[in-house]
Structure formats: C-alpha cells, structure tokens
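Below are some notes on the model you passed along, arranged as numbered points. Please read them with the structure open beside you.

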Amino acid sequence: MPVDIMTPLCCLAYCRPGFEKETAAELMHLSQVAGIQGYVKASQDTGYVCFYPAPQLAIEQLNTALSFDRMIFARQLIFVSEITQQLPADDRITPLLGSIQALQTRFSQVLLETPDTNDGKQLSGFCKKFSTPLIKAIEKQQLIDSSSPWRLHLFFLSSSEVFIGLSHLKNSSPHAMGIMRLRMPKAAPSRSTLKLEEAFKTMLSEREQQTYLCNGMTAVDLGACPGGWTWQLVNRGIRVIAIDNGPMDQALMDGGLVTHVRADGFTYTPQKTVDWLVCDMVERPMHIARLISRWLTEGHCRHAVFNLKLPMKKRYDMVMECREFIMDELQQVNARAIFRIRQLYHDREEVTCVIIRL
Ligand code: SAM
C-alpha cells in the first residue's frame, strides 16, 4: 500500500516583493471560497506569504482546493512540510535529506530557490553551489522519478533557514522561482515588449497560442508607441493598427504590417471587428475596464490583452472590482469568455488581463 504523502504545515506563495498584502488577500479569498479555514502570515517586502490551514489538511485536498491558475499575485504555490531554521554550516545535507525523506514521495524535479529580493539575489550563488552535492545525495536515495507529479522546492531565506515543500506539476508555475526569464529581442523597440510576450506564453496554453495568435489576424494596439507590443503581434504575422500620438519605431513601420493612426485611444473605434485589442495606456484601472468592456460588448474585437495600472492602496479590491465590472458587462450580452489575470514578472505596479471570447 502506498504511504500517505506528508500533511503540509502551510501553503507558501511566492510573489513580487511589495505585493505580500495582495497575495495574502487572494489566498484568504480562495481558501474561503473553497471552504478552508486558516490564517496568513505575511511581512512587507519579503517576496512570499504563508497560508496556514487550521485544522491541517491533506496535501491532495489543498492542491485540489487552491487553484494556481486562479491566482493573480502568487508566482508559485508550494505545500510546505517543514521550516528548518538552523541548518549547520558544516553539514547541511544530512538534516535536509532526513526532512526530504519524511515527505514520503519522490519528485520529478528539485529546485533550490530564494525570494525575489535583494537578499535573495545574494543567496542565489550559495544555492547554485549547493545544488550539485544536494541533488547528487537526493539521487543516491533514489528519490528522483521523472514520472512523479511532484516537484521538490527548497526555498532558502538564508544559508541556514529553508522552507521544504512540494508543488504539483499541474497546479504551479513550471519556472524556477515562478519567473519566466525572457531575452529582450534585439529588434523590439521597447522593453514593454516582454510584458506581452510573457502574457502570451504564460497566460495562454500552447494550443490557445496556436488557435488565437495566427498569421493573417488583425489587431488594434491602443497606446502603441514606440511599438514593443505591436512588435510582438507583427512577429506572429498579425496586422496591427497602432493608435498613439507619439512616434512609432521606423523599422517596425517599414515592415509593412502596421498602420499608425494618431488618435485618442479612448474614442477610436475600428471600421471592422479585429481579432485582438491590446492596450497598455497608463490610466485609472476602472477607466480601462470600461473601455475594454465597450470594445468587447460592441463587437469591435474578439479577444483582448490589457494592463490595469494599480492604485497605491486597496490594489486587490480594485482588481476584483474591474474584473466584476467586465464580467457583468459580458454577461449582459450573453458573451462567454475566458478571463485570466496575472501579475507577470515583467509587470510592475500593474496586472495583465487576457480575455478570450469563446
Ligand atoms: N506598449 C508600448 C510599447 O510596448 O512600446 C508602450 C506604451 S506606453 C506605456 C503608453 C503609451 O500610451 C504612450 O506612448 C502614450 O502616448 C500612450 N497614450 C496614453 N494615453 C493615450 C490616449 N488617450 N490615446 C492614445 N495613446 C495614449
């Protein structure tokens, strides 16, 4: 008979430093919706938040109840078995192996990680060096199994303090530290281009990317200059009407797939329905939510990607308010849609939203 996997102490969500409150709010909200009681522990600028279910629950139950896909501010979700606070400097491997064996399962991958903070960055050299002997020792215990649905995480706060936990391959980010690292494309006119690339690659499945981002499609880019988002669309063979009073990158214009219209993004409407509306204008979030709703419900676009720039306070509430507003508007015209929201690695004080009309 298989032995039960450990019962987690807490769920640990990694987040952008400074967004611990929002991550805590969403963990509380999602657990309440799932009928799970518990409390959170979060400290400002640490880059992570812990949710403690009370009473403790089986890992499978938590993994089913807390859907990573529905999280906005959490970059990664792991179930922590132990928080080791005093790893001896002369032999860290022996106590760690004991804790890892106590998980009662094998893993397809082992990740040594840190919070995405300045202190965390300083620790990354230690993690790199330590990973080879530790992974060798784990392999020797025959704990690596490529068919396992679990990934092992060692989340280091210092060289002696570590959270030991598991993530499920189907309910987590596939990237180390929950961060998709992208290389800046040389020809793209602005760093903003990485936001749209990350949105397409992490918020759409491969199949959705093939279905919804095709050569020959059309798009409008509101607030397009100098053209980083337009570049991503053009790179996929999509024709773009770029709306902005500013100047567009000349090389991008020379490619022949872009029409630049100097107009106000809040009043412009296209003559024909386009496949995509993308919008990166810096405006109050509710103002953007109204604009996007109008485009979708009046049929000017089929799908949309847009940013909501967040206020200083009540950021989680504001995102929920915008989402509710758009969903209500879509419901009023009986439109079925997939609506995803994430704070991406390349987002700063903002979140990215993707809406796909079905
Ligand atoms: N996504 C762009 C890129 O990747 O290069 C960067 C966009 S930048 C953050 C915001 C742009 O929105 C600016 O170029 C600004 O001129 C434009 N903008 C702001 N308000 C606008 C409006 N009402 N109508 C059209 N463009 C607007």
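1. In this predicted model, seven strands make up an open sheet whose order is β10-β9-β8-β11-β12-β14-β13, and the pairing within that sheet is mixed. The edges are taken by β10 (258-261) and β13 (337-342), each of which has a single partner strand, so one side of each is left without a neighbour in the sheet. Direction ignored, neighbouring strands of this sheet are turned by 15° against each other on average.

2. At the β10 edge, the pairing can be followed residue by residue. Strand β9 (residues 239-243) pairs with β10 in the parallel sense, over four bridges, and A242 has H260 in β10 as its bridge partner. Helix α9 (residues 285-297) packs on the sheet, where it touches β8 (218-222), β11 (274-279), β12 (301-309) and β14 (350-357); the direction of α9 makes about 180° with that of β12.

3. The other sheet to examine is also open and has seven strands, in the order β2-β3-β1-β4-β7-β6-β5, again with mixed pairing. Here β2 (38-42) and β5 (109-113) stand at the edges, and each has a single partner strand, so that one side of each is left without a neighbour in the sheet. The average turn between neighbouring strands of this sheet, direction ignored, is 30°.

4. Within that sheet, strand β1 (residues 10-14) and strand β3 (residues 48-53) run antiparallel and are joined by four bridges, with Y48 in β3 as the bridge partner of Y14. Two helices deserve a look in this region. Helix α1 (residues 20-33) lies across β1, β2 and β3 and runs at about 25° to β3, while helix α3 (residues 93-101) packs on the sheet, touching β4 (76-84), β6 (150-158) and β7 (161-168), with its direction at about 30° to that of β7.

5. Which residues come nearest to the ligand? Of the 16 residues around the ligand, these are S190, D244, D264, G265 and D280. By class, the shell consists of seven nonpolar, six polar and three charged residues.

6. The contacts to ligand oxygen atoms involve both backbone and side chain. A polar side-chain atom of D244 lies 2.8 Å from an oxygen atom of the ligand, whereas on the backbone side a polar atom of G227 is 3.2 Å from a ligand oxygen and a polar backbone atom of P226 is 3.4 Å from a ligand oxygen. Taken alone, the ligand exposes 600 Å², of which the protein buries 74%.

7. Some backbone geometry should be checked by eye, because most residues other than glycine have a negative phi, and most peptide bonds are trans. The peptide bond from C225 to P226 is cis, with omega near 0°; P226 sits in the loop between β8 and α7 (228-235), and a polar backbone atom of this proline is 3.4 Å from an oxygen atom of the ligand. A cis peptide bond also joins A54 and P55, with omega about 5°, and P55 is found in the loop between β3 and α2 (59-65).

8. Finally, where is Q142 placed? Q142 is in the loop between α4 (118-140) and β6, and its phi is near 55°, a positive value in a residue other than glycine.

Methods:
Residues are numbered from 1 along each chain as its sequence is written. This is a predicted model: local features need pLDDT of at least 70, side-chain atom pairs count only at pLDDT 80 or more; totals for chains, interfaces and linings use all residues. Side-chain values use heavy atoms; hydrogens and water are left out. Two strands pair if DSSP finds at least two bridges between them. Axes are lines fitted to C-alpha atoms, for helices over the stretch in contact, and angles run from 0 to 180 degrees between N-to-C directions. Contact means heavy atoms within 4.5 Å. A residue is near a molecule or strand if one of its heavy atoms lies within 4 Å of it. A polar contact is a pair of N or O atoms within 3.5 Å; within protein, one must be able to donate a hydrogen and the other to accept it, and residues adjacent in sequence count only if both atoms are side-chain atoms. Accessible areas come from the Shrake-Rupley method with a 1.4 Å probe; for residues, only the protein chains shown count as cover. Ala, Val, Leu, Ile, Met, Phe, Trp, Tyr, Cys and Pro count as nonpolar, Asp, Glu, Lys and Arg as charged, and the others, Gly among them, as polar.
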